[in-house]
Amino acid sequence: MSVRDGLLAVLSLGEGYGLQLHSELASRAPHRRAVNVGQIYSTLERLARSGLVEPAGTSVDSLPLYRLTETGRAAANGWMTEPALDGLPEWTEMLDQVLVTSSIDPVAAKTVAESYRRWWEHDLVATRSTAEPPFADARLALVAREAQAVAAVAWLGSAIAALADFDSFRPLSDARPKRGRRAKP
């Protein structure tokens, strides 16, 4: 997942500080390896420079809080509602988008999953109608593409069915992560 998009999506739920956002990303995209906490803070700084987030004061224990700007809210909404279908969808990015969005807006996640599924179903038909390539490496690539499409259609079908039963979001956690950036004295 682009840390940028994940942070924007999580911040659509409200203000947060770096380590809290790190924890939220880890819990909302458990299939991913953990993102370095330093990457969270540097991404927040870049998002602030580009006008997508802004400082929102400090937490009770003086940790810097961030919130979305209107431009940031539009970017978060765009990522949560528009699947990346301009080429072969990257598997993990697709999982990120559906899983993170499902914890924030299950209705939008279902719509995104349906769009991805239609894309993969079309790709599966196209892949199966492709002429048998003359070389082993090309055949293997075609077999891999078909297997990926079958897996995507199956997973997305399960996701769509599961999302049909949900319409509420998971709020930001109140649990305090064990460590974090402390304010400078």
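Start by selecting α1, residues 3–11. This helix is mostly covered, with eight of its nine residues buried. Keep in mind that the model is predicted. Colour the buried positions of α1: Val3, Asp5, Gly6, Leu7, Leu8, Ala9, Val10 and Leu11.

Next, show the largest nonpolar core, a set of 17 residues. Label Leu7, Leu8, Leu21, Ile40, Leu44 and Val53, which have the most contacts inside this core. Now add the elements around them. α1 (3–11), α2 (18–28), α3 (37–49) and β3 (64–68) each supply at least two core residues. α1 gives the most, with five.

Centre the view on Ile40. What is Ile40 in contact with, leaving aside its neighbours within four places in sequence? Select Val3, Leu7, Gly18, Leu21, His22, Leu25 and Val35 to see these contacts. Two of the labelled core residues, Leu7 and Leu21, appear again here. Val3 and Leu7 are also among the buried residues of α1.

Move on to another core, which lies apart from the largest one. This second core has twelve residues. Select Ala113, Leu124, Val153 and Ile160, which are among them.

Last stop: Asp165. Find this residue in the segment after α7 (136–163). Is Asp165 buried or exposed? Its relative accessibility is 66%, so Asp165 counts as exposed; the cut-off is over 50%. Now select Val107 as well. Val107 and Asp165 are 58 residues apart along the chain. Draw a distance between their C-alpha atoms: the separation is 9.7 Å.

Conventions:
Residues are numbered from 1 along each chain as its sequence is written. This is a predicted model: local features need pLDDT of at least 70, side-chain atom pairs count only at pLDDT 80 or more; totals for chains, interfaces and linings use all residues. Side-chain values use heavy atoms; hydrogens and water are left out. A nonpolar core is a set of buried Ala, Val, Leu, Ile, Met, Phe, Trp, Tyr and Cys residues joined through side-chain atoms within 4.5 Å. Buried means under 20% relative accessible area, exposed over 50%, partly exposed in between (1.4 Å probe, protein chains only). Helices (H or I, at least four residues) and strands (E, at least two) are DSSP runs, numbered from the N terminus. Contact means heavy atoms within 4.5 Å.
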